[in-house]
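Could you walk me through this structure in the viewer? I would like to know what to select at each stop and what is there.

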Amino acid sequence: MTEIFDTIVLAFDFTMVRYAMIVGVLIAMCSSLLGVTLVLKRFSFIGDGLSHVAFGAMAIAAAMNLTNNILFVLPVTMVCAVLLLRTGQNSKIKGDAAIAMISVSALATGYLVMNVFATTTNLAGDVCTILFGSTTILTLTNIDVWVSVILSLSVVTVFTMFYHKIFAVTFDEDFATATGNKAKLYNLILAIVIAVVIVLAMRLVGALLITALVIFPAISAMRVFKSFRSVTIWSVIISVKCAAIGMLASIVLETPVGATIVAVNIIVFGLFSFIGLLRRMI
Amino acid sequence: MPQLSCRDVSLGYDGKTIVSGLTFDVNKGDYLCIVGDNGSGKSTLMKTILRLQTPLSGKIETGDGVAPNEIGYLLQQTAAQKDFPATVLEVVLSGLLNRAGMRPFYSKTEKQTANENMETLGISHIAKKCYRELSGGQQQRVLLARALCATRKIILMDEPAAGLDPGASIEMYTLIKNLNDSGVTVIMISHDIIASVKYASHILHIGREKTLFFGTTEDYLKTDIGKLYTHTGGDTV
């Protein structure tokens, strides 16, 4: 036991580990806030689609030798988020098909670009890093941390400001529209916030595992809690704890950060399902 | 001036007309039931009145102090709502969103309004309960309370008693009638024609592609189609 403790204390001596913890917790908080709405709106897969878009954008940014790729990746992801949320309603291509199309196209394009304009010799390693986020979190620079902090705080602020509006468009978009609310505007804001969260979360768990970070805390909370507010608050608590535990575990066990966090989330989901089941039986 | 007037309205989608030549008025305090067979365009008419859809031609206007966004409604609930984690209070409060404007939180007056409407509909005691765990009748009351929060002028309903057991459906109709008596204009789509003629002041009967009847319930019962559908005389089908 003391050995594990010592390992953690030792790890915290490194600036990059402290950075990683701060950024990881903030990202977990933001992603879980949005998760509740996405699950309830039946948009669980939008996170997955958008993360692939972000992957494609990252590859292009790398090929163009951009120093700060977030300036390119974020706008591209935002545009796609807006397009995807729009197609949900009435278009020739149905919502889920649109998500699938955009995500595979972005994935393929990204991989192609990376191969053609390879800037490093370790291509497979780079791709793996973007997809699973293995070590990215530990190579954060000072600027990265600040960008993450600012973006996370804006996500939390926007979510708090629009909390009741987000509830209304999630519960019943038609009613909100019919009674004179700007439901379209709120959806647009939601799409932009989702894009920010995805781009942020990609650094922590990688493109392929983002959906887990967005969805798991929300569905875990929904097993047990019954009001929108308590589900939202608890999914944040669950997400932050899972991320913290996952990151510590990955230091001790020397496992990939993203995958470890997701594994913790899966265990917590099982736990909450069990509690929910017990509650219903009593 | 009527609260709602439809002039020669045609409805449909993808260029196909479902029904045309709809002309009717709804005045303050009316209780209008829209009846007709499946596919006659009742729900499309509802969505058009709510401005969720535009008519192919014709005009729908509001007047008598009613703004187009002052129409509340109670539709059949969506699948997503059935397992939505929300308390009764949260759902009812969401009806007040249009009053809050850009303000991020609800004011005391708005919370008071929500409480009053829950009182009216007899759901105050379940305010903290989870919406998805309520009975069908209670869920409908919650949605009706939300509609009343949005407006006390006109409320549109699509089969408010659908799926309710007989007792709950009588309670629902009585509740709606009481609201109507207190000055709320009611427009309702209904399959239950017996209940419609019992409670409504006006009937709009839509048939395939055209209006079959619009007028007071009293007059409706005198027409052949009225007799046919209510089985109060004439030839049975």
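Here is a tour that goes from a whole chain to its helices, its core and its partner chain. Keep in mind throughout that the model is predicted.

**Stop 1: chain A as a whole**

Select chain A and colour it by secondary structure. You should find 13 helices and 0 strands, so to speak an α-only pattern when read along the sequence: α-α-α-α-α-α-α-α-α-α-α-α-α. Turn the view along the principal axes, where the C-alpha trace spans about 55 × 50 × 30 Å. How does the radius of gyration of chain A agree with that of a compact globule? For 282 residues the globule would come out near 19 Å, and chain A has 19 Å, so the two agree. Of those 282 residues, 48% count as buried. If you draw a contact map, take the contacts in chain A between residues at least 6 apart in sequence: 75% of these join residues at least 24 apart.

**Stop 2: a buried alanine**

Now select A:Ala57, in helix H3 (residues 46-63) of chain A. Is A:Ala57 buried or exposed? With 25 other C-beta atoms within 10 Å, A:Ala57 is buried, because the cut-off for that class is 20 or more. Leaving aside neighbours within four places in sequence, show the residues in contact with A:Ala57: A:Phe72, A:Val73, A:Val76 and A:Thr77. For a distance label, pick A:Val76, which is 19 residues from A:Ala57 in sequence and 6.9 Å away in space, C-alpha to C-alpha.

**Stop 3: the largest nonpolar core**

Next, look for the largest nonpolar core, a set of 160 residues. Good places to centre the view are A:Ala54, A:Ile194 and B:Tyr73, which have the most contacts inside this core. Which helix of chain A gives the most to the core? Select H10 (residues 183-205) of chain A, which supplies 15 residues. This core also takes residues from domain 1 (1-70 + 153-237) and domain 2 (79-150) of chain B, so it lies between those domains. Then zoom in on A:Ile194, which touches A:Leu34, A:Ile46, A:Leu50 and A:Ala81, not counting residues up to four places away in sequence.

**Stop 4: where the chains meet**

Show both chains and select the contact between them: 26 residues of chain A meet 24 residues of chain B. On the chain A side, H7 (142-161), H8 (163-171), H9 (173-178) and H12 (228-253) each supply at least two residues. H8(A) gives the most, with 6 residues. Colour this side of chain A by class and you will see 14 nonpolar, 7 polar and 5 charged residues.

**Stop 5: helix H12 of chain A**

Stay with H12(A) and put a distance between its end C-alpha atoms, which are 36 Å apart. At 1.5 Å a residue, its 26 residues should span 38 Å, so the two values agree. Just after H12(A) comes A:Glu254, with a positive phi near 55 degrees.

**Stop 6: the two domains of chain B**

Finally, colour chain B by domain: domain 1 (1-70 + 153-237) and domain 2 (79-150). Their C-alpha centres lie 25 Å apart. Domain 1 of chain B puts 9 residues into the contact and domain 2 of chain B puts in 6. On the domain 1 side, select helix H7 (residues 166-181) of chain B, which gives the most, with 4 residues. By class, this side of domain 1 has 6 nonpolar, 2 polar and 1 charged.

Methods:
Residues numbered from 1 in each chain as written. Chains lettered and ligands numbered in written order. Predicted model: local features only at pLDDT ≥ 70, side-chain atom pairs only at ≥ 80, totals over all residues. Contact = placed C-beta atoms within 7 Å. Nonpolar A, V, L, I, M, F, W, Y, C, P; charged D, E, K, R; others polar. Expected span 1.5 Å × (residues − 1). Rg over C-alpha atoms; globule rule 2.2 N^0.38 Å. Buried ≥ 20, exposed ≤ 12 C-beta atoms within 10 Å, placed from the backbone. Core = buried A, V, L, I, M, F, W, Y, C linked by C-beta atoms within 7 Å. Domains from an automatic or database assignment.
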